Amino acid sequence: SGSTGAPKRVAKTVRQLELEAATVDRLLGEAVPAAAWVHGTVVHNHLYGLTFRLCWPLATRRAFVGNPHQFWEPLLASMDCGSALVTSPSHLSRLGGLPALPAERRPSAVLSGGAPLPESAAEATRELLGCPVREFYGSTEAGVIASRLRDGDEQPPWRPLPGVSVKRLDEGRIQVRSPYLGDIENGETGDLIELDGNGGFRLLGRADRIVKIEGIRISLTDCETQLAKLEGVAQAAVVVLGAATSYLAGVVVLDSVGEQQLASSGAFRLG
């Protein structure tokens with residue numbers, strides 16, 4: 001897990017993984033036929049891929065494709081009616097230009113996790129795959145926490161999975177209770193939330209300056225530290241810009257050496 005900025009080991013028992021798979025199936029079991037194949041574009045080396053591409057189909061006796069698909073064209077050609085697709089925002093954001101699937105080959109479920117899904121990608125998925133995306137939110141330590149169906153509402157609230165409950169602490173952080181909770185103190189994570197009054201919640205960002213760019217966790221503090229180590233840099237600050245597509249931007253204060261480099265090479269080359 002890198003959610004605190006530094007990698008750390010998180011122990012999971014087989015029983016925890018079984019309980020998590022059973023909870024996921026309570027939500028997806030009626031939507032995804034028992035005979036459906038499970039396809040994926042994500043690897044099983046992180047918990048989202050492990051849970052949905054491996055543990056869930058194994059626990060529910062569904063057939064799954066062992067290797068992740070790397071390109072949309074062969075993936076869509078191999079899918080049949082009722083298939084489930086485990087994918088991510090970085091893949092769903094790149095559906096442009098592909099033909100829409102015919103009705104007889106549309107999936108029963110398209111699952112996304114690892115990062116928030118832009119509305120443009122959710123809309124493209126509904127148009128091209130004929131199926132709304134179900135997003136999942138969780139953490140390595142706590143496992144799958146909540147989901148939401150992107151069926152037209154641009155930013156619907158997250159709903160805890162069956163048997164999972166969430167609480168907002170005084171400082172705004174989320175506290176989780178679930179039957180498969182891992183070794184995480186008090187069930188707390190670094191995410192900030194706002195309760196909606198109807199059993200759901202909205203994410204407000206991180207308390208520890210960890211952000212996600214293309215589904216990859218980035219520590220803004222670490223970026224600033226690395227920038228400040230560069231010759232010619234006195235201070236640096238890093239922020240996230242953009243809405244549908246997020247990217248990093250750095251504000252750099254130069255020292256005397258940096259000022260000389262700026263004068264001699266210009267802003268473009270110095271940047």
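**Sheet pairing, aromatic pairs and nonpolar cores**

Arg 173 has Leu 192 in β9 as its bridge partner. In this predicted model, the contact belongs to the pairing of β8 with strand β9 (residues 188–195), two antiparallel strands joined by two bridges. On the other pairing of β8 (residues 173–177), four bridges connect this strand to β7, again in antiparallel orientation. Within the β7–β8 pairing, Val 166 is matched with Val 176 in β8, and Lys 167 is found opposite Gln 175 of β8. The hairpin formed by β7 and β8 has four residues between its strands, and Gly 172 adopts a positive phi near 100° there.

These strands are part of an open, four-stranded sheet with antiparallel pairing and the order β7-β8-β9-β10. Because β7 (165–168) and β10 (201–206) each have a single partner strand, they form the edges of the sheet, and one side of each lacks a neighbour in it. From one strand to the next, the twist averages 50°.

Aromatic residues form a further set of contacts, with a count of four aromatic pairs. In one of them, the ring centres of Tyr 137 and Trp 158 are 5.8 Å apart; the planes meet at 50°, and the pair is therefore tilted. Since Tyr 137 belongs to strand β4 (residues 133–139) and Trp 158 to the loop between β5 (143–150) and β6 (159–160), the pair ties together parts separated by 21 residues in sequence. Both partners fall under the 20% limit for burial: Tyr 137 is buried at 8% relative accessibility, and Trp 158 is buried at 5%.

Tyr 137 also pairs with Phe 201, with ring centres 5.9 Å apart; the planes lie at 65°, so this pair is edge-to-face. The pair links distant parts of the chain, as Tyr 137 is in strand β4 and Phe 201 in strand β10, 64 residues apart. Phe 201 is buried, its relative accessible area being 0%. Strand β10, where Phe 201 is located, is an edge strand of the four-stranded sheet. A cluster of rings is also present, in which ring pairs link Tyr 48, Phe 52 and Phe 136.

The largest nonpolar core has 28 residues, of which Leu 28, Phe 52, Trp 56, Leu 111, Ile 145 and Phe 201 touch the most other members. Two or more residues of this core are provided by each of α1 (14–28), α2 (47–59), β2 (84–87), β3 (109–113), β4, β5 and β8. Phe 52 and Phe 201 thus connect the two topics, since Phe 52 belongs to the ring cluster and Phe 201 pairs with Tyr 137. When residues up to four places away in sequence are not counted, Leu 28 touches Phe 52, Trp 56, Leu 111, Arg 134 and Phe 136. A second core, separate from the largest one, comprises 17 residues, including Leu 76, Leu 85, Ala 121 and Ala 122.

Technical notes:
Residues numbered from 1 in each chain as written. Predicted model: local features only at pLDDT ≥ 70, side-chain atom pairs only at ≥ 80, totals over all residues. Heavy atoms only, no water. Pairing = 2+ DSSP bridges. Axes fitted to C-alpha atoms, helices over the stretch in contact; angles between N-to-C directions. Phe/Tyr/Trp six-rings, centres within 6.5 Å; stacked < 30°, edge-to-face > 60°. Buried < 20%, exposed > 50% of the residue type's maximum accessible area, 1.4 Å probe, protein only. Core = buried A, V, L, I, M, F, W, Y, C linked by side-chain atoms within 4.5 Å. Contact = heavy atoms within 4.5 Å.
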